[in-house]
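Me: I am new to this structure. Please walk me through it in short turns.

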Amino acid sequence: MNSRNILTESISHSIEISIKALNESLTTGSKVYAINWFNLKRPVLYSLYNTLVGPMLHKIGGRLFFKGILKKRLEGNDTDERKMLLLVYYPSPLHFIRLLKKKIFQLASILRITSVKEFNFGFCQRLMGEGPPLTKKTDNLNYVVHHFKMTQAGISGLEALQKELATLSISLFFCGELAAHIVAKKGNKKAQQAPILMDGIILYESAKEKYFDQLMSSPLFAEFKAQFDSNYMAAFERIG
């Protein structure tokens, strides 16, 4: 996808961050959701990182929207799979940069860097769905994460999909399309773009797991997935 630079900021004396928009609608003032798709190698350190960063995130107006851990794969391959998903809401890319500039955040990020592997990151814009924030450890609901790659612009058939989901007692909790890449440049070194495996992501929510089995066998859902170059789907337990 072609990109255009909408923001470049120095977050320290040696590190510069750029945000490369993938569509015309994204601006420095747009609401965004950061996709964090990764595996853990040091869970205790990552938990400490979350504890330290949480208050900083809230202070700049952001919030954790969804945090989940893999239960089982439904479709896809090892290459596209990660064990953890975080969706983090930011009022704008500028708020994200504001967080990155905090010295205490930069120190806390050392914990994240040493505690994760196969880390994927990118900004998406919400197209549909706006699930409520979690107010306790678990909401006892079931979730399926569906991410995909696509060559054409835009996702078609969302309204028809929502109607199909309703007949199966499934809600579209969140639907977002990749809207920006994050690029970091350190000193004179070559700029590095944060890897991201997906062009879009959908979270489905239901009270019972069996409804997802019905979704997977739905002809309409098969037709919806056929527009994408690849699909990955997995059941996730929501933990935040």
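Reply: A pocket is an open set of points on a 1 Å grid over the protein atoms alone, where a 1.4 Å probe fits, with protein on both sides within 12 Å along at least five of seven lines. Lining residues have an atom within 4 Å of a point. The model is predicted, so local features need pLDDT of at least 70 and side-chain atom pairs pLDDT 80 or more, while totals for chains, interfaces and linings use all residues. Residues are numbered from 1 along each chain as its sequence is written, and side-chain values use heavy atoms, without hydrogens and water.

Me: Which residues lie nearest the centre of the largest pocket?
Reply: The largest pocket has a lining of 39 residues. Five of them lie nearest its centre. They are Tyr-49, Phe-105, Ser-109, Arg-112 and Phe-119.

Me: What is the volume of the largest pocket?
Reply: Here a volume is the space filled by probe spheres set on the grid points, which are joined across faces, edges and corners. For the largest pocket that comes to about 1200 Å³.

Me: How many residues of the lining of the largest pocket are nonpolar?
Reply: Ala, Val, Leu, Ile, Met, Phe, Trp, Tyr, Cys and Pro count as nonpolar; Asp, Glu, Lys and Arg are charged; the others, Gly among them, are polar. The lining has six charged and nine polar residues. Its nonpolar residues number 24.

Me: Which element gives the largest share of the lining of the largest pocket?
Reply: Elements are DSSP runs numbered from the N terminus: helices are H or I with at least four residues, strands are E with at least two. The largest share of the lining is seven residues. They come from α1.

Me: What does helix α3 reach from its first C-alpha to its last?
Reply: Helix α3 covers residues 103-115, 13 in number. The expected span is 1.5 Å times one less than the number of residues, and for α3 that is 18 Å. The helix comes close to this, reaching 19 Å.

Me: Which elements do the buried residues of α3 pack against?
Reply: Buried means under 20% relative accessible area, exposed over 50%, and partly exposed in between (1.4 Å probe, protein chains only). In α3, Phe-105, Ala-108, Ser-109, Leu-111 and Ser-115 are buried. Contact means heavy atoms within 4.5 Å. The buried residues of α3 pack against β3, α1, α2 and β6.

Me: Which residues touch the most other members of the largest nonpolar core?
Reply: A nonpolar core is a set of buried Ala, Val, Leu, Ile, Met, Phe, Trp, Tyr and Cys residues joined through side-chain atoms within 4.5 Å. The largest has 35 residues. Those touching the most other members are Ile-19, Tyr-90, Phe-96, Phe-121 and Phe-123.

Me: Which element gives the most to this core?
Reply: The contribution is five residues. It comes from α1.

Me: Is Glu-118 buried, partly exposed or exposed?
Reply: Glu-118 sits in strand β6. Its phi is near 50°, a positive value in a residue other than glycine. Because its relative accessibility is 40%, Glu-118 counts as partly exposed.

Me: Which residues does Arg-42 touch, leaving out those up to four places away in sequence?
Reply: Arg-42 is in the loop between β3 and α1. At 41% relative accessibility, Arg-42 is partly exposed. Beyond four places in sequence, Arg-42 touches Thr-114 and Ser-115.
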